[in-house]
Amino acid sequence: MAAGAAGCGCGRRLVVKIGSSTLTTSESSIDYAYLQTVADQIACVKAAGWKPIVVTSAAIACGLEALGIDRRPKDMPSLQAAASVGQSALSAAYARVFATHGIVTSTVLLTRRDTADRRAYLHARDTFDRLLDLGVVPIVNENDTISVEQIRFGDNDTLAALVACLVEADLMVILSDIEGLYDANPHFHSDAKLIARVNAIGPDIMAVAGEAGTTVGSGGMITKIKAARVLMVAGIPLVVCNGRRAGAIVDAAAGEDVGTRFTAVRKPHEITPKKLWIALGDAARGALVVDDGAKTALTCKGSSLLSVGVRAVEGRFDAGDIVDIKDGSGHLFARGKVSFASDEAALAIGRTRAELQANRLLASLADKALVHRDELVVFE
Ligand SMILES: Nc1ncnc2c1ncn2[C@@H]1O[C@H](COP(=O)(O)OP(=O)(O)O)[C@@H](O)[C@H]1O
Ligand SMILES: N[C@@H](CCC(=O)OP(=O)(O)O)C(=O)O
């Protein structure tokens, strides 16, 4: 890291996500010396004008350490209890390392539900705005202690992407235990090569990230790619790099070549709070498989998805649920809020508007798009 390499951030917003596997030692306890180096770097980019937010994992690891539990339990109440113990220790550790630079930190614990409706979303955004105005470095984690399956993100890559979109960040950096995205998991493929830049996420990129991550972390590379997919829609660059590399945050903020940089080449689509919720906020209840014509209409023309271009309906869902939208080869390229329940959709697919109108049972579906473009997020 060169002196002054952080460049002038000029009030630009930076979200730094630190994964469990990076923040913990091989014994799964918090690496406090490492945490200090993170604070040193964040103080450096802050001094250069950036407004940083840290999304941190490892409350559970921290709690297990404090409770003297060696093996990570599998049941939710034990994990939630560990998170409850660990989160305060984690917050205190961050407060301590940042205090050495005279920086005040705050704790922000979020669940999916906190961003589910526009009001909650705006409240969260106002709080971040005020904290950043006050010069505070917010330390964000999922509220693991109260999050149950339906309202939890589970991994912090998704949470960090949500925070980055919420605050309209200028850059997000994921500090992981690996140099970046490789063309195969290097833990299993010794000849795997680092991919320095990704400009589009197609089936090829999804395929290389398919294998599971470490036992400490919960996301692996696939959740980072999914986060990148949403950030690309929002026009926010993402760097995934090795958090143990000296000066990683400073170099990533300065735009130097470090790890894998994901950038959207096309003009970013507008990502509204509603679209962000569709992209990240809720698990998909099913999927629609579309033909090539429908894919082109969605990706190139910004059209709504009409029944006529849908080839198959997967899973059971109600009107208003979130569904994945895949092409004929199974590649997920969009998500949306569906206007019909799965049984209605199964009857309507492949039919034109005129055919729906002519059918007494299906006529009520003729005037609605299966997924309206205002409720559709296209990743390509
Ligand atoms: N193509 C790939 N390139 C790099 N890492 C990969 C790839 N596929 C799977 N992985 C796995 O993802 C891991 C990083 O994810 P994870 O362990 O969840 O870390 P974190 O705690 O930083 O989120 C790597 O250590 C590696 O095992
Ligand atoms: N919220 C959890 C961390 C979840 C987690 O491990 O996420 P990740 O680092 O993205 O694999 C915790 O603080 O323990």
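User: Why does the radius of gyration of the protein chain agree with a compact globule?

Analyst: The rule for a globule is 2.2 Å times the number of residues to the power 0.38, taken over C-alpha atoms. With 380 residues that comes to near 21 Å, and the protein chain has 22 Å, so the two agree. Keep in mind that this is a predicted model, where local features need pLDDT of at least 70, side-chain atom pairs count only at pLDDT 80 or more, and totals for chains, interfaces and linings use all residues. Residues are numbered from 1 along each chain as its sequence is written, while chains are lettered from A and ligands numbered from 1 in the order in which they are written.

User: Why is Asp 177 called partly exposed?

Analyst: Buried takes 20 or more other C-beta atoms (placed from the backbone) within 10 Å of a residue's own, exposed takes 12 or fewer, and partly exposed is in between. Asp 177 has 18 such neighbours, so partly exposed it is. Buried residues make up 45% of the chain's 380.

User: And where does Asp 177 sit?

Analyst: In the loop between strand S5 (171–176) and strand S6 (197–198). Strands here are DSSP runs of E, at least two residues, numbered from the N terminus. An unreviewed UniProt entry lists Asp 177 among its "binding site" positions, though such annotations may be inferred rather than shown by experiment.

User: What makes S10 and S13 edge strands?

Analyst: Strands pair if DSSP finds at least two bridges between them. The open sheet runs S10-S9-S11-S12-S13, and strands S10 (310–315) and S13 (371–378) each pair on one side only. Inside the sheet, S9 and S11 pair in the parallel sense over four bridges.
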